[in-house]
Amino acid sequence: MKRTLKTLMMTILILSTFLTTVMAMDVWEIRFSGEVSPSQAQWLEDAYTEAENNQADAVYLIIDTLGGRVDSALEMSRTISSMDTVVLVDGGAISAGALMALSGSEMYMTNGSTIGGAEPQVSGERADEKTVSVWSAELASQAEKNGRDPLIARAMADDSIVIEGLVEEGKLLTLTAEEALKNGMTDGLYRSDLDLQLDKGFNIIGSSGKTTLNFVTDFLTSAAISTILLMIGIAGILIELFTPGFGIPGGIGIGALALYFGGGMLAGISGWEAALLFIIGLALLLVEVFIIPGFGIAGVLGLAALFGSIFLSTPDPATAIRSLVIAIIGAAILIFIVFRFTPGRRVFSRLILNMEETPEKGYVAAKPGLKDLMGRTGIAKTTLRPAGTAEFNEVLVDVVTSGEFIREGSRLVVTNVEGMRVIVKEVKGVEVSADSEHI
């Protein structure tokens, strides 16, 4: 009897193992964390393509994000909905991340996770009513499609919605894992992603990881970094336009803008047309700096091309305008700081002739009345190459030689006065100190 029972148990165990193996779901693992951004949306789409090419039954998507861009979240939602997806919220699915989580055909949470707080904002302020309405409807649609309460989903984005016992007017809804389970917004709770894998019998056939290039792209295209790069680029170009020659500010500006556009191209946000327009604009500005003096048509067209390339490198005009406004204000502040408060001001001042020859310093301009200087002797107060300054009877006067070089401290004689020019020559064989009394 015992032997028969033991054989039966072994048979059941073998059969159970066999059935688990046969019924195991081949899944492709994707771990998403960080900001919801255009580069992340492109990466997620590539990861789903990889899962499909490897004939996975479903995608196992682990999410931990505080949110990000609405447009990127909408793209990610479409990607997630394109294939059976088991979502696990392991940490947070906040703001734009809530839509990603609700887009999964199954959605689970680990203990201590949260979901919600999905109000769309512009520059830290609540978006307009139309945007809020469209966004909350999208949340409700994804929730309803996957068997969850659409009103609760709407309350995550719209603080005007009241749900008795859950959220009051004027408050956005954010649910803990336990609250989400109680209100039917998640299909179950687990201690970890490993517990979910074992419980579901997942057979993970592969995963999509991020390369160093992906991380660099995410960094360059993040909202804060891309705006800072744009600000530095604009400031560097403008500083270069208003100072002679070409130097460090222009190099830094070009480098920052190259990173800005390069990040957009790597992320798939923009194409070569944006970079080409940027190069054309930069070329026109260089023509303005090196070939055409002043600031004219080439400079205007160059700036227009640069701004146009920025519009092409952003997902929508509103984002472009917002980024430009912030970057221009920041650039103006940066330029003011550079010229007013930092050591850089002294560096730039070397490029500009800014010495003032004021009467307070003893300088007087040559005038017709200086004809009386004819034949007088004085001292070269500066080296004459061939122009410089001389002292006559304790009065400093701008003078010029006939082309010869005269050292500071040499004795001079006025040979001619032509309108605004006082012409001098050296009295050979006599040299006096620059600060000695005139004889």
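Which residue stands opposite Glu-391 in β13? Ile-379 does, and the tour will come back to that pairing after a look at the whole chain. The model is predicted.

**Whole chain**

Show the protein chain as a cartoon, coloured by secondary structure. There are 15 helices and 16 strands to find. Colour next by burial: of the 439 residues, 40% are buried. For contacts between residues at least 6 apart in sequence, 61% join residues at least 24 apart.

**Strands β12 to β15**

Select residues 377-380, which form strand β12, and residues 387-392, which form β13. The two strands pair in the antiparallel sense, over two bridges. Ile-379 opposite Glu-391 is the position asked about at the start. Six residues make up the hairpin connection from β12 to β13. Switch on the surface here and β13 is mostly covered, with five of its six residues buried.

Now add residues 395-400, strand β14. β13 and β14 run antiparallel and are joined by six bridges. Label Phe-392 and look across to β14, where Val-395 is its bridge partner. The hairpin of these two strands has two residues between them. Asn-393, in this hairpin, takes a positive phi near 50 degrees.

Go back to β12 and extend the selection to residues 410-418, which are strand β15. Three bridges hold β12 and β15 together in an antiparallel arrangement. Gly-378 is the residue to label, with Leu-412 of β15 opposite.

**Helix α8**

Select residues 193-200, helix α8, and look down its axis. Asp-193, Leu-196 and Gln-197 are buried. These residues lie on the same side of α8, because they cover an arc of only 100 degrees around the axis. Turn to the other side of α8 for Leu-198 and Asp-199, both exposed.

What covers the buried residues of α8? The elements to display include β1 (25-33), β2 (58-65), β3 (85-94), β4 (106-110), β9 (189-190) and β10 (202-208). Then step past the end of the helix to Gly-201, which follows α8 and has a positive phi, near 65 degrees.

**Nonpolar cores**

The largest nonpolar core has 47 residues. Select Ile-30, Leu-61, Ile-115, Leu-139 and Met-156, the members that touch the most others in that core. Centre on Leu-61 and display its contacts, leaving out neighbours within four places in sequence: Ile-30, Phe-32, Leu-44, Tyr-48, Ile-80, Thr-85, Val-86, Val-87 and Leu-88. Another core, of 18 residues, lies apart from this one. To locate that core, select some of its members, including Leu-230, Ala-256, Tyr-260 and Leu-306.

Keep Tyr-260 on screen and add Ser-226. The serine is in helix α10, residues 223-241. Is Ser-226 buried or exposed? Ser-226 counts as buried because its relative accessibility is 14%. Beyond residues up to four places away in sequence, Ser-226 touches Leu-220, Thr-221 and Tyr-260.

**Aromatic rings**

Show the side chains of the aromatic residues. The count comes to three aromatic pairs, and two of them are visited here. A pair of aromatic rings is described by the distance of the centres and the angle of the planes.

Start with Tyr-60 and Phe-202, a tilted pair at 5.1 Å centre to centre with 55 degrees between the planes. Tyr-60 belongs to strand β2 and Phe-202 to strand β10, so a cartoon view helps: the pair links distant parts of the chain, 142 residues apart. Tyr-60 and Phe-202 are buried.

Move on to Tyr-108 and Tyr-190. Their rings are edge-to-face, 5.7 Å centre to centre and 70 degrees between the planes. This pair also links distant parts of the chain, with Tyr-108 in strand β4 and Tyr-190 in strand β9, 82 residues apart. Both tyrosines, Tyr-108 and Tyr-190, are buried.

The last stop is Trp-43. Select Lys-210 with it: the charged end of Lys-210 sits over the ring of Trp-43, 4.9 Å from the ring centre.

Definitions and conventions. Residues numbered from 1 in each chain as written. Predicted model: local features only at pLDDT ≥ 70, side-chain atom pairs only at ≥ 80, totals over all residues. Heavy atoms only, no water. Buried < 20%, exposed > 50% of the residue type's maximum accessible area, 1.4 Å probe, protein only. Helix = DSSP H or I, 4+ residues; strand = E, 2+ residues; numbered from the N terminus. Arc of directions from axis to C-beta. Contact = heavy atoms within 4.5 Å. Pairing = 2+ DSSP bridges. Core = buried A, V, L, I, M, F, W, Y, C linked by side-chain atoms within 4.5 Å. Phe/Tyr/Trp six-rings, centres within 6.5 Å; stacked < 30°, edge-to-face > 60°. Lys NZ or Arg CZ within 6 Å of the ring centre and 35° of its normal.
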